[in-house]
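Visitor: Hello! Could you show me how to read a protein model, one feature at a time?

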Amino acid sequence: MRKLHLVTGALVAYSFVVSLVPTTLSYLNPEALEDISLTSGSLARQLQLSLLFLVAAIVLYRHRRQMSAVVRQLNPFLLLLLAYCLLSVLWSPYPVVTLKRVIILLGLLLVGLGVSPVLAGALQFPRILLATLMAICLLSAVTALAFPEIGIDPVHGTAWRGITFQKNTLGLVAAYGLVLWVFEWSRGEFRRSLCLAGLLFSAFVLVMARSSTSILMAVLGACVYGYWQRRWFTGDFSNGILALVALLFLLLLGHFYYVLFGQWLSWAELAGPIAGLFDKGTDLTGRTSIWHFLLATFQQHPVLGIGYGSFWLGEGSPAQAIADALGWMPPQGHDGYLDLLNELGVAGFGLFVLMLAWHLRSIVQLMRFDRSEAALHLAFLCIILASNVTETDFLSDTAFQNIVLIFSSTSLSARVFMLRQRHPGARVPAPHLGRVPGLGR
């Protein structure tokens, strides 16, 4: 069992390292992020992913009896969504690209099953994630201080990027690290001095990355977790979660209204003071222009979409019309919701919404047993939903937050299944932050 935990822990760490740390030195070139083409691809990256998926498949095969029941408990809409992405090969303008990206998603699902609590223990996923993120933050700090020509983002002045792709990536690493340290503080299983040091270090790296979006996500995640894990909050927590989801839904409706009509309750007056605090304009650094063009493109194929992963493929791709209008080629639409609508259409987007609803249902079920763990998954979900308003991570191959969402989904399914098997009929949270005695960790 110890060897199994080491293997699953390595899978978690390796998955996130691949998503956050460049595999080549091309990132040293400030223009590297703009050099996007249909033929781009790293052999080293392909080998890394192949090794990752192969090890996960071996782990699952060797423990197929334990995993067979968990597979049946997976989020059914996640499986349907992946099937729809595969089906879009039939109408995608680049079916080979679509097929490759679907294979990556299926591989990540295999890894997610391999690191689920049935094999890895209840808290191995968040704790290995925390250790990985802190290692990246530490190496990034050393790189930024000792080798500023590498560790400082060349496009954003004094902002740190460390060993990651850019400052926003490092900021997101620190933001998740901060939320995870809050999680460990609340559980009381680590020394408070260690948790405090981790919190302060994460906050320091977050500030040095100069990523306003990541700062907002850290505050959001910490607040969501802090509220829903409270011991004395013993009322109908499902109503509170529904209220939070309703608020996020209203914010998204307002966002789409602005995209459609170019204004939202006097956008400049409403958003101007907030944007000014973070030294940004009300056009969200040019994102709104991309959104308008992307919405017009979506209207050309509203039902089925253009095909999964077949739009933002560089020069000569379907995104060329937007690049011609803007004068430069964006790597993405900087809005996960609009990108999903454009690639998967209303049909695929509907499956995605149902997948999120099932995911939320699983969080509510877990809250009956372990409130702090469920609150952590809820914090992750809120960060992902909020950050995808200005960045695209939904179903984006090995994007960090896409991996977090997939691993969170498989972990929730396995955890709820295990707890229901051992505590049938349980309806209320267990004492001491919901920890269930005797469960493997």
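Guide: Gladly. Let us start at the end of a helix: just after helix 9, Gly-188 has a positive phi of about 70 degrees. Keep in mind that this is a predicted model.

Visitor: What span should helix 9 have, and how far apart are its end C-alpha atoms?

Guide: The idea is to compare an expected span with the one in the model. Helix 9 covers residues 167-187, and at 1.5 Å a residue its 21 residues should span 30 Å. Its end C-alpha atoms lie 31 Å apart, which agrees. You can repeat the exercise on helix 5, residues 95-114: its 20 residues reach 29 Å from the first C-alpha to the last, close to the expected 28 Å.

Visitor: How many residues of helix 9 are buried?

Guide: Here we ask how much of a residue's surface is left accessible; under 20% counts as buried. In helix 9, 18 of the 21 residues are buried, so this helix is largely enclosed by the rest of the structure. Helix 5 has buried residues too, among them Thr-98, Leu-109, Gly-112 and Leu-113.

Visitor: Is Thr-410 buried or exposed, and what is its relative accessible area?

Guide: Thr-410 is found in helix 18, residues 400-422. With a relative accessible area of 0%, it falls under the 20% cut-off, so Thr-410 is buried.

Visitor: Which residues does Thr-410 touch?

Guide: Leaving out residues up to four places away in sequence, Thr-410 touches Leu-74, Leu-109, Gly-112, Leu-113 and Ser-116. You met Leu-109, Gly-112 and Leu-113 among the buried residues of helix 5. The side chain of Thr-410 also reaches the backbone oxygen of Gly-112, at 3.1 Å.

Visitor: Which residues touch the most other members of the largest nonpolar core?

Guide: For a core, we look for buried nonpolar residues joined through their side chains. The largest one has 119 residues, and Phe-16, Tyr-176 and Phe-400 touch the most other members. Helix 16, residues 336-367, gives the most to this core, with 14 residues. As for Tyr-176, its contacts beyond four places in sequence include Leu-133, Phe-380, Ile-383 and Phe-400.

Visitor: Where is confidence lowest, and where is it highest?

Guide: For a prediction, we check the confidence score, pLDDT. The protein chain averages 82, and 78% of the residues score at least 70. Confidence is lowest in helix 19, residues 431-434, at a mean of 38, and highest in helix 4, residues 76-87, at 97. Over residues 428-441 the pLDDT is below 50, and this stretch has 43 contacts in the model beyond near neighbours in sequence.

Note on methods: Residues are numbered from 1 along each chain as its sequence is written. This is a predicted model: local features need pLDDT of at least 70, side-chain atom pairs count only at pLDDT 80 or more; totals for chains, interfaces and linings use all residues. Side-chain values use heavy atoms; hydrogens and water are left out. Helices (H or I, at least four residues) and strands (E, at least two) are DSSP runs, numbered from the N terminus. The expected span of a helix is 1.5 Å times one less than its number of residues. Buried means under 20% relative accessible area, exposed over 50%, partly exposed in between (1.4 Å probe, protein chains only). A polar contact is a pair of N or O atoms within 3.5 Å; within protein, one must be able to donate a hydrogen and the other to accept it, and residues adjacent in sequence count only if both atoms are side-chain atoms. Contact means heavy atoms within 4.5 Å. A nonpolar core is a set of buried Ala, Val, Leu, Ile, Met, Phe, Trp, Tyr and Cys residues joined through side-chain atoms within 4.5 Å. pLDDT is the predictor's confidence in each residue, from 0 to 100.
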